[in-house]
Protein chains: 2
Amino acid sequence: MPGPLGIVAGGGHLPRRLVDLCQSNGRGAFVIALEGNTEISTVEGVDHLWIKMGQTKRAIDALRRFGAQELVLIGPVKRPALSELRPDGYTIKAMAKLGFDRLGDDGILAAIVRHLESEGFTIRGVDELLGDLLAVAGSYGRFQPDDQAKADIERGIAVVRAMGAADVGQAAVVQNGIVLGVEAVEGTDALLERCGPLRRSGLGGVLVKVSKPGQERRADLPTVGVRTVRVAAEAGLRGIAVEAGGSLVVDAEAVVRAADRAGLFLIGIDLGA
Amino acid sequence: MPGPLGIVAGGGHLPRRLVDLCQSNGRGAFVIALEGNTEISTVEGVDHLWIKMGQTKRAIDALRRFGAQELVLIGPVKRPALSELRPDGYTIKAMAKLGFDRLGDDGILAAIVRHLESEGFTIRGVDELLGDLLAVAGSYGRFQPDDQAKADIERGIAVVRAMGAADVGQAAVVQNGIVLGVEAVEGTDALLERCGPLRRSGLGGVLVKVSKPGQERRADLPTVGVRTVRVAAEAGLRGIAVEAGGSLVVDAEAVVRAADRAGLFLIGIDLGA
């Protein structure tokens, strides 16, 4: 039996779900909570350490002290500007070694994973630990994309993949062939909210979320949940397409209920290898 | 001497500038004004025809009647959803031939240009007619990008080019290596406005506008003007980079005054062939 799972927790409810799992299966967990990112509820009743971004040495020491040799990075983290970081000496050295200032979002995550591995930790993917969250191929609820929606999904995938090659974004909104919006750091909710007023008349658009080519899958998979469905419906969309095996559907049952109620489709798309 | 210039006028003040030029040099102009796009001031005191998008036959007949054999497409046009179009029979046939529904923004423009050429028109680029608007390499005003801004410009160019390969957008905002936003149909002003609140602490970001690889240069070059400078300053940016020879600076003198006053740099970047 390995020691407790080390959970480096970003925002949202996913980290707490993992804490609950580790507590219910007896493994236990130790949480590194990031100021300004982690929800308070994530650390209730579980061993944890709050740190500011950049206090890597304290985090690593604490993880070792608690015997957490396996780590998972889970939940979105707002990437700070370099100028906001107050890195400790250890972190500065690691950043220099990694060429931190020259990396995109995913490049940085991949570099962090490699660095933690070089410190002797094993990094597990969220999808390994919460495999039931991983999107599957096919329709989730009652509704299916029609031909226009399928064409929009195809175009959305091409756009997000092209952006992803430059290590930006994981989402796009497409309506009848028109790319209404693409995501950078603002997040999917903000993307959807601004696409509402940009909506053209006619059939509504689709939200497409897929991982980047070569994405570090142990760090930052695209995620949809009940809130995504609600905001997508408010923006006048007809459905959501996620990458089967490359994105997470959190609370699938509730998501399907919300999608069915709102008249939206949710579909997992198999992108092949 | 060719007949009057046929001006298919989108929004903004650029079309009027071209009308004025044709009137002052004695060539004359005939304007196709697009409902919902063209400014009223564009057609004052010049022969013109207002059409809805899709009334191509009327436009072509009128251009021929006025002897306008050379055309220019100038100013941004809101791309309508297919469902908003009320195309005439001629347009429907042309759209079917062009495979309209499968094209991105730039693909559509290129197809329209090819189609007009097949009808015997000669299509001129804005840059041929208003060559003094074409961005030149080097700094426009008093301020220069520092090393961080130069790195942000480089990253912005890579991102916009990657998106452009999927025929989306011409602009991105980058701050200290972080891509705050990328443009789809919302336009540069809306991009800048949403990047204001997304701004991180530290040195401000840059706006990068470059053309798409293989862009139909006779249709839709990226443009900056006084308003761009003002909105960029309000969003906390430090400067603007445009593609030398591949974008337009409208009212360069006024733009430079605005940039100098706001403390922003404006630089034309030579991207090579």
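Two strands count as paired if DSSP finds at least two bridges between them. In this predicted model, strand 4 (residues 70–74) and strand 5 of chain A meet that mark, pairing in the parallel sense over three bridges. To pick out one of the matches, E70(A) has T122(A) as its bridge partner in strand 5 of chain A.

These two strands belong to an open sheet of five strands in chain A, laid out in the order 3-2-1-4-5 with parallel pairing. Strand 3 (48–51) and strand 5 (122–124) of chain A sit at the edges; each has a single partner strand, so one side of each goes without a neighbour in the sheet. Neighbouring strands here are turned against each other by 25° on average, direction ignored.

Helices pack against this sheet too. Helix 1 (residues 14–24) of chain A touches strand 1 (5–9), strand 2 (29–34) and strand 4 of chain A, and its direction makes about 165° with that of strand 1 of chain A. Helix 2 (residues 56–65) of chain A lies across strand 1, strand 2, strand 3 and strand 4 of chain A, and runs at about 175° to strand 3 of chain A.

Over in chain B, an open sheet is built from six strands in the order 6-13-11-9-7-8, and the pairing is mixed. Its edges are strand 6 (138–139) and strand 8 (178–182) of chain B, each of which pairs on one side only. Inside the sheet, strand 11 (residues 239–243) of chain B runs parallel to strand 13 (residues 265–269) of chain B, and five bridges join them. In that pairing G239(B) is matched with F265(B), its bridge partner in strand 13 of chain B.

Helix 6 (residues 147–165) of chain B packs on this sheet and touches strand 7 (171–175), strand 8, strand 9 (206–209), strand 11 and strand 13 of chain B; its direction is at about 145° to that of strand 7 of chain B. Helix 7 (residues 188–198) of chain B packs on the sheet as well, in touch with strand 7, strand 8 and strand 9 of chain B, with its direction at about 140° to that of strand 8 of chain B.

That leaves the contact between the chains. It draws 30 residues from chain A and 30 residues from chain B. Together, chain A and chain B bury about 2,400 Å², with 61% of that on carbon and sulfur atoms. Two salt bridges turn up across the interface of chain A and chain B, and one links the side chains of R194(A) and E186(B) at 4.0 Å, N to O. Polar contacts between chain A and chain B come to two residue pairs. On the side of chain A that touches chain B, helix 6 (147–165), strand 8 (178–182) and helix 7 (188–198) of chain A each supply at least two residues. The residues of that side split into 15 nonpolar, seven polar and eight charged.

Key:
Residues numbered from 1 in each chain as written. Chains lettered and ligands numbered in written order. Predicted model: local features only at pLDDT ≥ 70, side-chain atom pairs only at ≥ 80, totals over all residues. Heavy atoms only, no water. Helix = DSSP H or I, 4+ residues; strand = E, 2+ residues; numbered from the N terminus. Contact = heavy atoms within 4.5 Å. Axes fitted to C-alpha atoms, helices over the stretch in contact; angles between N-to-C directions. Buried area = accessible area lost by both parts, 1.4 Å probe. Polar contact = N/O pair within 3.5 Å; in protein donor to acceptor, adjacent residues only side chain to side chain. Nonpolar A, V, L, I, M, F, W, Y, C, P; charged D, E, K, R; others polar.
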